[in-house]
Amino acid sequence: MDQTRRRMMIVSAAAGLAASWGCGEGPPSVETSEEEAEVKGSVKLDGKLVTKGEVIFDPSNYKRKSAASRTAPIGEDGSYSIKTLVGTNQIFVNIQPAGKKKAARTDFPPMTFEVKSGDNLYEIDLSTTSNSN
């Protein structure tokens with residue numbers, strides 16, 4: 001085999017190897033749609049309905065960077081209703097404890113929910129001991 005051909009084979013093999021190293025799964029598949037859907041549910045803390053506060057749904061992702069968060073109040077019956085974008089949403093909850101002198105509780109970890117087309121139900125069960133859903 002002549003030198004030129006041998007070098008070309010080595011270069012081709014090296015290029016193929018380098019290309020295979022760079023071929024990972026890439027970024028995750030995320031929703032890009034601007035379609036909105038309704039999410040309803042209730043908020044409980046340690047099994048008791050929360051009667052004051054807010055629920056925040058954040059539909060942004062790396063392809064929907066400018067998607068605005070949506071906020072809905074928690075009703076006196078513990079329920080909420082919100083319209084947000086279809087796809088994965090991060091959810092944050094702020095609870096206003098009874099008594100006006102206490103600060104809102106905002107230290108609950110975020111949750112995620114996959115919002116589908118149409119009506120959705122998402123019950124939020126928070127805990128003071130584990131701080132998780």
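Pro27 sits in the loop between helix H1 (3-22) and strand S1 (36-45). Helices (H or I, at least four residues) and strands (E, at least two) are DSSP runs, numbered from the N terminus. Pro27 is exposed, at a relative accessible area of 57%. Exposed means over 50% relative accessible area, buried under 20%, and partly exposed in between (1.4 Å probe, protein chains only). Pro27 and Tyr62 lie 35 residues apart in sequence, and their C-alpha atoms are 9.1 Å apart in space.

This is a predicted model, in which local features need pLDDT of at least 70, side-chain atom pairs count only at pLDDT 80 or more, and totals for chains, interfaces and linings use all residues. Residues are numbered from 1 along each chain as its sequence is written, and side-chain values use heavy atoms, with hydrogens and water left out.

## Overall make-up

The chain has one helix and nine strands. Along the sequence they follow the pattern α-β-β-β-β-β-β-β-β-β. The chain has 133 residues, of which 29% count as buried.

## The open sheet

Four strands form an open sheet in the order S4-S3-S6-S7, with antiparallel pairing. Strand S4 (70-73) and strand S7 (111-115) are at the edges. Each has a single partner strand, so one side of each has no neighbour in the sheet. Neighbouring strands of this sheet are turned by 30 degrees against each other on average, direction ignored. The axes behind that angle are lines fitted to C-alpha atoms, for helices over the stretch in contact; angles run from 0 to 180 degrees between N-to-C directions.

Two strands pair if DSSP finds at least two bridges between them. Strand S3 (residues 53-58) is joined to S4 by four bridges, and the two run antiparallel. Val55 has Ala72 as its bridge partner in S4. The C-alpha atoms of Ala72 and Val55 are separated by 5.3 Å, although the residues are 17 apart along the chain. Ala72 counts as buried, at 1% relative accessibility.

S3 also pairs with strand S6 (residues 87-95), again in the antiparallel sense, over six bridges. Here Glu54 has Asn94 in S6 as its bridge partner.

## Strand S1 and its partners

S1 pairs with several strands. The table gives the bridges and one residue pair for each.

| Partner of S1 | Bridges | Sense | Residue pair |
|---|---|---|---|
| S5 | seven | antiparallel | Lys40 and Ser81 |
| S8 (residues 119-121) | three | parallel | Lys40 and Leu121 |
| S9 (residues 124-126) | three | parallel | Lys44 and Asp125 |
| S2 | two | antiparallel | Leu45 and Lys48 |

Lys40 therefore appears twice: its bridge partner in S5 is Ser81, and it stands opposite Leu121 in S8. S1 and S2 form a hairpin with two residues between them. Asp46 is in the loop between S1 and strand S2 (48-49). This residue has a positive phi of about 55 degrees although it is not a glycine. Asp46 counts as partly exposed, at 44% relative accessibility.

## Aromatic pairs

How many aromatic pairs does a search of the whole structure find? There are two. Rings of Phe, Tyr and Trp (its six-membered ring) pair if their centres lie within 6.5 Å; planes under 30 degrees apart count as stacked, over 60 as edge-to-face and the rest as tilted.

The ring centres of Phe57 and Tyr80 are 6.1 Å apart and their planes stand at 40 degrees, so the pair is tilted. This pair links distant parts of the chain: Phe57 is in strand S3 and Tyr80 in strand S5 (residues 79-85), 23 residues apart. Phe57 and Tyr80 are both buried.

For Phe113 and Tyr122 the ring centres are 4.6 Å apart and the planes are at 35 degrees, so this pair is tilted. Phe113 and Tyr122 are both buried.

## The largest pocket

The largest pocket holds about 180 Å³ of space. On a 1 Å grid over the protein atoms alone, a pocket is an open set of points with protein on both sides within 12 Å along at least five of seven lines, and lining residues have an atom within 4 Å of a point. Its volume is the space filled by probe spheres set on the points.

The lining includes Leu45, Lys48, Leu49 and Arg105. By class, the lining residues divide into six nonpolar, two polar and three charged. Ala, Val, Leu, Ile, Met, Phe, Trp, Tyr, Cys and Pro count as nonpolar, Asp, Glu, Lys and Arg as charged, and the others, Gly among them, as polar. Leu45 and Lys48, among the lining residues, also stand opposite each other in the pairing of S1 with S2.

Notes. 1 Å grid on protein atoms, 1.4 Å probe; cavity = no way out; pocket = protein on both sides within 12 Å on 5 of 7 lines; lining within 4 Å.
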